[in-house]
Amino acid sequence: MMKKGDLPEILPLFPLPGALLLPRARLPLHIFEPRYLQMIEDCMKTKSRLIGMIQPIKGPEGQNHLNTIGCAGRLTGFSETEDGRYMITLSGISRYRIVKQIDGFTPYIRAEVSWAGFERDLGAAEHDTGFDRDEFLDLLAKFFHAQGLDTDWETLKDADDELLINSLGMLLPLEPEDKQALLEAPCLATRRETLVTLIEYALHGGGEERLQ
């Protein structure tokens with residue numbers, strides 16, 4: 001487990017719409033763009049092996065910006081394909097806040113970041129004392145039926161609170177702004193409430209265009 005003193009002040013950033021990483025969760029990624037292949041190679045040379053996942057957003061005139069808050073993942077899995085692509089796994093460590101982007105010679109974005117306010121991310125798994133699992137799974141079943149999806153329900157019933165909520169937040173077909181709302185939730189209970197709201201919104205027809 002990483003400690004606060006192990007967290008660097010500068011992170012390489014990987015902007016990827018809809019890709020949500022949360023603390024203590026794992027995110028598999030397929031890397032093929034040359035600039036991000038270089039980022040992975042550079043990352044493997046560092047002690048922390050951290051990459052900052054971040055959601056890009058489009059401004060009113062179509063220009064790309066970055067959200068302020070992202071989540072850093074430690075490179076814990078790596079394999080290379082015959083044609084030079086990388087298959088990696090990031091293990092979520094902590095959320096961070098961008099202080100400023102750094103100009104430099106790397107082909108990818110780097111930023112000075114602050115870890116303040118996210119100390120809980122470095123601790124043990126969270127529990128949701130107000131979680132009604134049966135009610136939640138009933139709602140989820142309706143959503144899966146409406147979306148034509150299927151899953152291993154026995155695994156969901158047995159999963160720990162945090163693993164269940166975070167995994168669904170990462171895997172469900174949500175819009176990037178919805179994923180960002182889940183990322184910024186201050187605690188597991190708030191993240192669960194946000195997820196329930198999004199699912200209910202979709203079931204009532206309001207999310208037909210947002211949940212694609």
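This report walks through the overall fold of one protein chain, then a buried helix and two buried arginines.

**The whole chain**

Keep in mind that this is a predicted model. The protein chain has six helices and eight strands. Reading from the N terminus, the order is β-β-α-β-β-β-β-β-β-α-α-α-α-α, so the chain ends in a run of helices.

How does the radius of gyration fit with a compact globule? The protein chain comes out at 18 Å, and a compact globule of 212 residues would be near 17 Å, so the two agree. If you want a box for the C-alpha atoms, roughly 50 × 40 × 40 Å along the principal axes will do.

As for packing, 44% of the 212 residues are buried. Among contacts with a separation of 6 or more, 67% join residues 24 or more positions apart. On the outside, the protein chain exposes about 11,700 Å², with carbon and sulfur atoms supplying 51% of that area. There are 23 positive and 34 negative charges, and their mean positions sit 7 Å apart.

**Helix H4**

Helix H4 covers residues 161-171. Eight of its 11 residues are buried, so the rest of the structure largely encloses this helix. Which residues of H4 are buried? They are Asp161, Glu162, Leu164, Ile165, Asn166, Leu168, Gly169 and Met170. The cover over them includes strand S2 (26-31) along with helices H2 (133-147), H3 (153-158), H5 (176-184) and H6 (188-203).

**Two arginines**

Here are the accessibilities of the pair side by side.

| Residue | Relative accessibility |
|---|---|
| Arg95 | 5% |
| Arg191 | 4% |

With the cut-off for buried set at under 20% relative accessible area, Arg95 counts as buried because its value is 5%, and Arg191 because its value is 4%.

Arg95 belongs to strand S7 (residues 86-102). What lies 2.9 Å from a polar atom of the Arg95 side chain? That would be the backbone oxygen of Leu183. Setting aside neighbours within four places in sequence, the contacts of Arg95 include Pro23, Trp115, Phe118, Asp121, Glu184, Pro186 and Arg191.

Arg191, for its part, is in helix H6. Its contacts, with neighbours within four places again left aside, are Leu22, Arg95, Ile165, Asn166, Leu182, Leu183 and Ala185. Two of those residues, Ile165 and Asn166, are among the buried residues of H4. Leu183 and Ala185 also appear among the contacts of Arg95. Gly59, by comparison, is 132 residues from Arg191 in sequence and 26 Å away in space, C-alpha to C-alpha.

Key:
Residues numbered from 1 in each chain as written. Predicted model: local features only at pLDDT ≥ 70, side-chain atom pairs only at ≥ 80, totals over all residues. Heavy atoms only, no water. Helix = DSSP H or I, 4+ residues; strand = E, 2+ residues; numbered from the N terminus. Rg over C-alpha atoms; globule rule 2.2 N^0.38 Å. Buried < 20%, exposed > 50% of the residue type's maximum accessible area, 1.4 Å probe, protein only. Contact = heavy atoms within 4.5 Å. Areas by Shrake-Rupley, 256 points an atom, 1.4 Å probe, with all protein chains shown as cover. Lys, Arg positive; Asp, Glu negative; His and termini not counted. Charge placed at Lys NZ, Arg CZ, Asp CG, Glu CD. Polar contact = N/O pair within 3.5 Å; in protein donor to acceptor, adjacent residues only side chain to side chain.
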